[in-house]
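Let's walk through this structure together, one piece at a time. Keep the 3D view open as you read.

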Amino acid sequence: MVVDPFDHRLRRALQEGLPLVSKPYAYLAEQLGVTEQEVIAKIEEFTQQGLIKRFGMVLRHHELGYSANCMVVWDIPDMEIETIAQLLSDEACVTLCYQRPRRQGWPYNLFCMIHGKGRDLVEQQLKELIERHQLSYPHQLLFSSKRFKQRGARYV
Amino acid sequence: MKLSDQDRKLLNKIQKNFPLHPEPFKLLAEELAISEQEILLRLQELESQQAISRFGAVFNHHRVGSSTLAALAVPEQEIEEVAAFVNTFVEVNHNYQREHDYNLWFVVNATDQSGVERVLDKIAAKFDYPLLNLPMVKGYHIDLGFPLW
């Protein structure tokens, strides 16, 4: 794949982060030696192409007071996974939901992340959600006890 | 960190579809009926306290590279050492200890599959502990921001 040098440098800048200034696109344009309009148009293009999933502020939950972070892993029959994944995704407390492969000794194929202001609250939310949808599938709660690293991905 | 109602309103608004306007904060200021200066100062403060990780783009992993979620089952007393080694890779962007036999969970991102495997191979060569490699099969709800309440 041939990547245009401007595309490449803009992608890098967008993954590193823009400054919080009045005219962020003009700032970026000056850094990259292009016009403000070119920067804006390219971000629009990346978004329309689906290359950018989301553009805006990336937050750290822990620092905002949402100190509990629980990865819930489920063993869902393959036939039902679409339905259950959709139902979990529609819950306000679920911030991520993915299907992943099972492995030997690891039967769980559906992962979702729940963030909350405390462990008790997260457990309560999950319990309520399970009862409401009658989710009688094997699952485990993996609360995080320590964060060693958290930042955006770097590809370029 | 104490968030005001105004903070929550602001942060809920700017995690996605951030205005692509030459003066985006001025536009937001009009919508929220506060001044552009107030918004910028508050966001700079949240950034300096690391509540804002960055103002930028979240890219689609599938489209720009390859990634996986991996887990290691590490003896409790060695977790700091193993986590520190895992952190040395620039390809690793998330690394958490979790309450499970598989107690170290990390995300590896690279421009291609072989880049991801290279990192996992190096970790496996250094520490001979059970390792799970769980690349995404399908994403149902992926990093769409986080509603604050």
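Which residue does A:Q99 stand opposite in β6(B)? The partner is B:K138. Before going further, please bear in mind that this is a predicted model.

The pairing belongs to a wider arrangement across the two chains. A:Q99 sits in strand β3 of chain A, which covers residues 94-99. This strand is joined by 3 bridges to strand β6 of chain B (residues 138-141), and the two run antiparallel. Leaving aside residues up to four places away in sequence, A:Q99 touches A:I81, A:A85, A:N109 and A:L110 from its own chain, along with B:V137 and B:K138 from the other. Is A:Q99 buried or exposed? It counts as buried, because it has 20 C-beta neighbours inside 10 Å, and 20 is the number at which a residue is called buried. For a sense of distance, A:L59 lies 40 residues from A:Q99 in sequence and 24 Å from it in space, C-alpha to C-alpha.

Now step back to the whole interface. Here 61 residues of chain A are in contact with 64 residues of chain B. On the chain A side, at least two residues each come from α1 (5-16), α2 (24-32), α3 (36-49), β1 (52-59), α4 (81-89), β3 and β5 (139-150). The one that gives the most is β5(A), with 10 residues. By kind, the chain A residues on this side divide into 29 nonpolar, 17 polar and 15 charged.

The strand β5(A) also leads us to another strand of chain A. It pairs with β2(A) in the antiparallel sense over 5 bridges, and within that pairing A:W74 stands opposite A:H139. Strand β2(A), residues 68-74, has a second antiparallel partner in β4(A) (residues 110-116), to which it is joined by 7 bridges. There, A:C70 has A:I114 as its bridge partner. How many of the 7 residues of β2(A) are buried? The number is 6, so this strand is largely enclosed by the rest of the structure.

Next, look at α3(A), one of the helices that supply residues to the interface. Its 14 residues reach 20 Å from the first C-alpha to the last, close to the 20 Å expected at 1.5 Å a residue. Within this helix, A:V39, A:K42 and A:F46 are buried. Seen down the axis of α3(A), the buried residues fall within an arc of 65 degrees, so they line one face of the helix. The general reason is that an α-helix has 3.6 residues a turn, so residues three or four places apart point the same way. What do the buried residues of α3(A) pack against? They pack against α1, α2 and β1 of chain A. The face turned away from this buried side carries the exposed residues A:Q37, A:E45 and A:Q48. Just after the helix comes A:G50, with a positive phi near 85 degrees.

Finally, turn to chain B as a whole. It holds 6 helices and 6 strands, in the order α-α-α-β-α-β-α-β-β-α-β-β along the sequence. Its radius of gyration is 19 Å, whereas a compact globule of 149 residues would have one near 15 Å. Its C-alpha trace spans about 55 × 35 × 25 Å along the principal axes. Of its 149 residues, 32% count as buried. Among the contacts in chain B with a separation of 6 or more, 56% come from residues 24 or more positions apart.

Technical notes:
Residues are numbered from 1 along each chain as its sequence is written. Chains are lettered from A and ligands numbered from 1 in the order in which they are written. This is a predicted model: local features need pLDDT of at least 70, side-chain atom pairs count only at pLDDT 80 or more; totals for chains, interfaces and linings use all residues. Helices (H or I, at least four residues) and strands (E, at least two) are DSSP runs, numbered from the N terminus. A residue is buried if 20 or more other C-beta atoms lie within 10 Å of its own, exposed if 12 or fewer, and partly exposed in between; C-beta atoms are placed from the backbone. Two residues are in contact if their C-beta atoms, placed from the backbone, lie within 7 Å. The radius of gyration is taken over C-alpha atoms; the globule rule is 2.2 Å times the number of residues to the power 0.38. Ala, Val, Leu, Ile, Met, Phe, Trp, Tyr, Cys and Pro count as nonpolar, Asp, Glu, Lys and Arg as charged, and the others, Gly among them, as polar. Two strands pair if DSSP finds at least two bridges between them. The expected span of a helix is 1.5 Å times one less than its number of residues. The arc is that of the directions from the helix axis to the C-beta atoms.
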